[in-house]
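Please open the model in your viewer and keep a selection prompt at hand. The tour below moves from one selection to the next and says what is found at each stop.

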Amino acid sequence: MFLSKITAVAVLALSLIAAPVYARDLDAGTYELIEYAEELGITVLTNGPNCKGQYGTFSPRTMTIDVCRVSIVNGKADMEAHSTVRHEMIHVAQYCAAKRQGRLSYVTLMEDKDKFTTFVTDSISLDAIEEIVENYPKKHIAPELEAAAAERVISATEILDIVKFRCRDGL
């Protein structure tokens, strides 16, 4: 079901504020990430029209983040919604970094290839790595691996700091 922007943010916000932080996936800082996305001019939607089987999308063209597969249980967004917001906000930071470099596509935030490889392999399973490699165009593999790793091991508060730094000149 498609929720309006206001309803989507309200539902996520209410569910995230009340969510206890007992796992990396349920992250109280997710609400601040959503607020900052909106400050940048990004519309955050849940289960919107761009949801076609994936967990989420960030579109620089439309300036939207779609958080897909969101389930609200007992007034709280599921853990996947929190994780997806972190993941898509890493893509926002990658987009800002690319823009600062005069590039049209995403770039990885970690420039040191050895540190990047260690970060990815320490953070996500080989099966997850293989799935990304098999399902994404070549130019999107490294940024997608970085976002997949980051969503699992970096808090929303830390990702907010990364996005603020990378997007300090705006989108």
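Select Glu151 and Arg152, whose side chains meet in a salt bridge with an N to O distance of 3.9 Å; the term stands for a side-chain nitrogen of Lys or Arg within 4 Å of a carboxyl oxygen of Asp or Glu. Glu151 is buried at a relative accessible area of 8%, whereas Arg152 is partly exposed at 39%; here buried means under 20% relative accessible area, exposed over 50%, and partly exposed in between, with a 1.4 Å probe and protein chains only. The model is a predicted one, in which local features need pLDDT of at least 70 and side-chain atom pairs count only at pLDDT 80 or more, while totals for chains, interfaces and linings use all residues. Residues are numbered from 1 along each chain as its sequence is written, and side-chain values use heavy atoms, with hydrogens and water left out.

By this rule the count comes to two salt bridges, and for the other stop select Asp169 and Arg100, whose closest N and O atoms are 2.1 Å apart. This pair links distant parts of the chain, 69 residues apart, with Asp169 in the segment after helix 7 and Arg100 in helix 3. Asp169 counts as exposed at 61% relative accessibility, and Arg100 as partly exposed at 43%.

Now colour by secondary structure, where helices (H or I, at least four residues) and strands (E, at least two) are DSSP runs numbered from the N terminus. The protein has seven helices and five strands, and along the sequence these follow the pattern α-α-β-β-β-β-β-α-α-α-α-α. Of its 171 residues, 48% count as buried.

For the interior, select Ile42, Met89, Val92, Val163 and Leu171, which touch the most other members among the 45 residues of the largest nonpolar core. Such a core is a set of buried Ala, Val, Leu, Ile, Met, Phe, Trp, Tyr and Cys residues joined through side-chain atoms within 4.5 Å. Which helix gives the largest share of this core? Helix 3 does, with ten residues, and the elements that give two or more residues also include helix 2 (30-39), strand 3 (64-67) and helix 4 (113-123).

Move next to Pro143 in helix 6, which counts as buried at 3% relative accessibility. Add Leu109 to the selection: the two residues are 34 apart along the chain, and their C-alpha atoms are separated by 8.1 Å.

Two loop residues are worth a torsion check. Most residues other than glycine have a negative phi. Asn47, in the loop between strand 1 (43-46) and strand 2 (56-59), has a positive phi near 50 degrees and is partly exposed at 23%. Met63, in the loop between strand 2 and strand 3, has a positive phi of about 55 degrees, but counts as buried at 19% relative accessibility.

Finish on the surface by selecting Asp127, Glu130, Glu131 and Glu134, which gather in a patch of negative charge. A patch is made of residues with over 30% relative accessible area and no salt bridge, like charges being joined within 9 Å and nonpolar side chains (Val, Leu, Ile, Met, Phe, Trp, Tyr) within 5 Å. Within this group, Glu130 lies in helix 5 (residues 126-135) and is partly exposed at 43% relative accessibility.

How values were computed: Areas by Shrake-Rupley, 256 points an atom, 1.4 Å probe, with all protein chains shown as cover. Lys, Arg positive; Asp, Glu negative; His and termini not counted. Charge placed at Lys NZ, Arg CZ, Asp CG, Glu CD.
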